[in-house]
Amino acid sequence: TVVVGSKHGGHAIVSSSVSYRYLDKWSAPTTWLNEQYPVEGGDLIVPEEQALLLDISPPRLRLILVMGTLVFDRQDLALNASYIFVLGGTLEIGTSDDPFAHKAVITLHGDRYSSIELPHAGAKVLVVANAQSQQHGHGGHNMHDGPHGLTAKDKIGTLDIHGKPRRRVWVKVQPPGAKAGEFSFTVAEPVDFIRGERLVLTSPSEEVIVDSVSNDGLTITVSEALEFDHSSEIREIPAHGVHPADVVDMRCEVALISRNVIIQGDDSSASQFFGCHTMAMHGGHYRIENA
């Protein structure tokens, strides 16, 4: 039973459908043993019984092992680490019912030649996996295992990342297309792109930055003149002999690259051809959208 009271008297009536959870704030010194915060280059373990609220951008860490719950607060945040391993716990950035609307950037650090690779996962990685109960027989699963070899005591690892929903992130460009030297073009369906966001036009590929979008969402203006022609055409093919008339859609497209939740490699990624990666293994639940 949860009782919500006021210092000046009275209690709130709480609907039975309301749920609560207690979260330890990262910023609170009482969250940490001996009030010692995680330090740069250190390791962090979120144990099974703890739910931790990331309400500040901490220093860069080496390993973050999540066996309990790590929740991003609803504010702009950055998290830097070499390895993030969600092992039977939960990493939450928004939910499907209440997506994350702020800016969250997870940067994974590592060196192609010197980083130590985790077994089955590698380096520069965000990985989610189930934590098994260690009751399996030697060399495999025992007869009491459930689906996928899980027992009742196994802990489900969950990666829940739900960024800000967008009206659409991929749309056709209306004929005649987007021409070299021009700053704007028209799309087939309304978009909600925002100034400063990155787009890519196809045929050929060209990356551009949004300057503005018309009130009806159909005309996109970019910050610099286009370098290439991007042709769009809907071609009608007349009937010929036994072949019926047809319509061929040859319009180029534009896609939104920017997201408010980003998982990225560090600055060495491009020069070393060694970017970050995410993965689910050993039955971990991997749910990522709009990121």
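This section describes two sheets, an aromatic pair, the salt bridges, the surroundings of one glycine and the cysteines of a predicted model.

Strands of a sheet pair through backbone hydrogen bonds, in either the parallel or the antiparallel sense. In the predicted model, one open sheet consists of 6 strands in the order 1-3-5-7-10-23, and its pairing is parallel. The edges of this sheet are formed by strand 1 (24-25) and strand 23 (285-289), each of which pairs on one side only. Strand 1 runs parallel to strand 3 (residues 51-54), and 2 bridges join them. Within this pairing, K25 has L53 of strand 3 as its bridge partner.

A pair of aromatic rings is described by the distance between the centres and the angle between the planes. The count of aromatic pairs comes to 1. This pair is made by W26 and W32, whose ring centres are 5.3 Å apart. The ring planes of W26 and W32 stand at 70°, and because an angle over 60 degrees counts as edge-to-face, the pair is assigned to that class. W26 has a relative accessibility of 2% and counts as buried. W32, at 10% relative accessibility, also counts as buried, since the cut-off for this class is under 20%.

A further open sheet of 6 strands has antiparallel pairing and the order 11-20-14-15-16-13. Its edges are occupied by strand 11 (170-172) and strand 13 (184-186); each has a single partner strand, so one side of each lacks a neighbour in the sheet. From one strand to the next, the twist averages 35°. Inside this order, strand 14 (residues 198-201) and strand 20 (residues 253-256) pair in the antiparallel sense over 3 bridges. One residue of this pairing is L201, whose bridge partner in strand 20 is V254.

Side chains of opposite charge can pair when their charged atoms come close. The count of salt bridges in the model comes to 13. Among them is the salt bridge between the side chains of R168 and E189, with an N to O distance of 3.5 Å. R168 is located in the loop between strand 10 (158-162) and strand 11, and E189 in the loop between strand 13 and strand 14, so this pair ties together parts that are 21 residues apart in sequence. Both residues fall in the partly exposed class: R168 has a relative accessible area of 23%, and E189 has a relative accessible area of 37%.

A salt bridge also joins the side chains of K172 and E253, at 3.3 Å from N to O. Here K172 belongs to strand 11 and E253 to strand 20, so parts 81 residues apart in sequence are tied together by the pair. With a relative accessible area of 25%, K172 is partly exposed, whereas E253 is buried, with a relative accessible area of 19%. The value for E253 is assigned to the buried class because that class takes in residues under 20%.

D249 and R251 form another salt bridge, in which the closest N and O atoms are 2.7 Å apart. Of these residues, D249 is partly exposed at a relative accessible area of 36%, and R251 is buried at 18%. In addition, a network of salt bridges links R166, D192 and E197.

G122 is placed in the loop between strand 8 (104-108) and strand 9 (125-129). At 12% relative accessibility, this glycine counts as buried. When neighbours within four places in sequence are left aside, G122 is in contact with Y83 and E117. The C-alpha atom of G122 is separated by 9.8 Å from that of C276, a residue 154 residues away along the chain.

A disulfide is a covalent bond between the sulfur atoms of two cysteines. A search of the whole structure finds 0 disulfides. Accessibility was computed for cysteines including C252 and C276. C252 is buried, with a relative accessible area of 2%, while C276 is partly exposed, with a relative accessible area of 24%.

Technical notes. Residues numbered from 1 in each chain as written. Predicted model: local features only at pLDDT ≥ 70, side-chain atom pairs only at ≥ 80, totals over all residues. Heavy atoms only, no water. Pairing = 2+ DSSP bridges. Helix = DSSP H or I, 4+ residues; strand = E, 2+ residues; numbered from the N terminus. Phe/Tyr/Trp six-rings, centres within 6.5 Å; stacked < 30°, edge-to-face > 60°. Buried < 20%, exposed > 50% of the residue type's maximum accessible area, 1.4 Å probe, protein only. Axes fitted to C-alpha atoms, helices over the stretch in contact; angles between N-to-C directions. Salt bridge = Lys/Arg side-chain N within 4 Å of Asp/Glu carboxyl O. Contact = heavy atoms within 4.5 Å. Disulfide = S-S within 2.5 Å.
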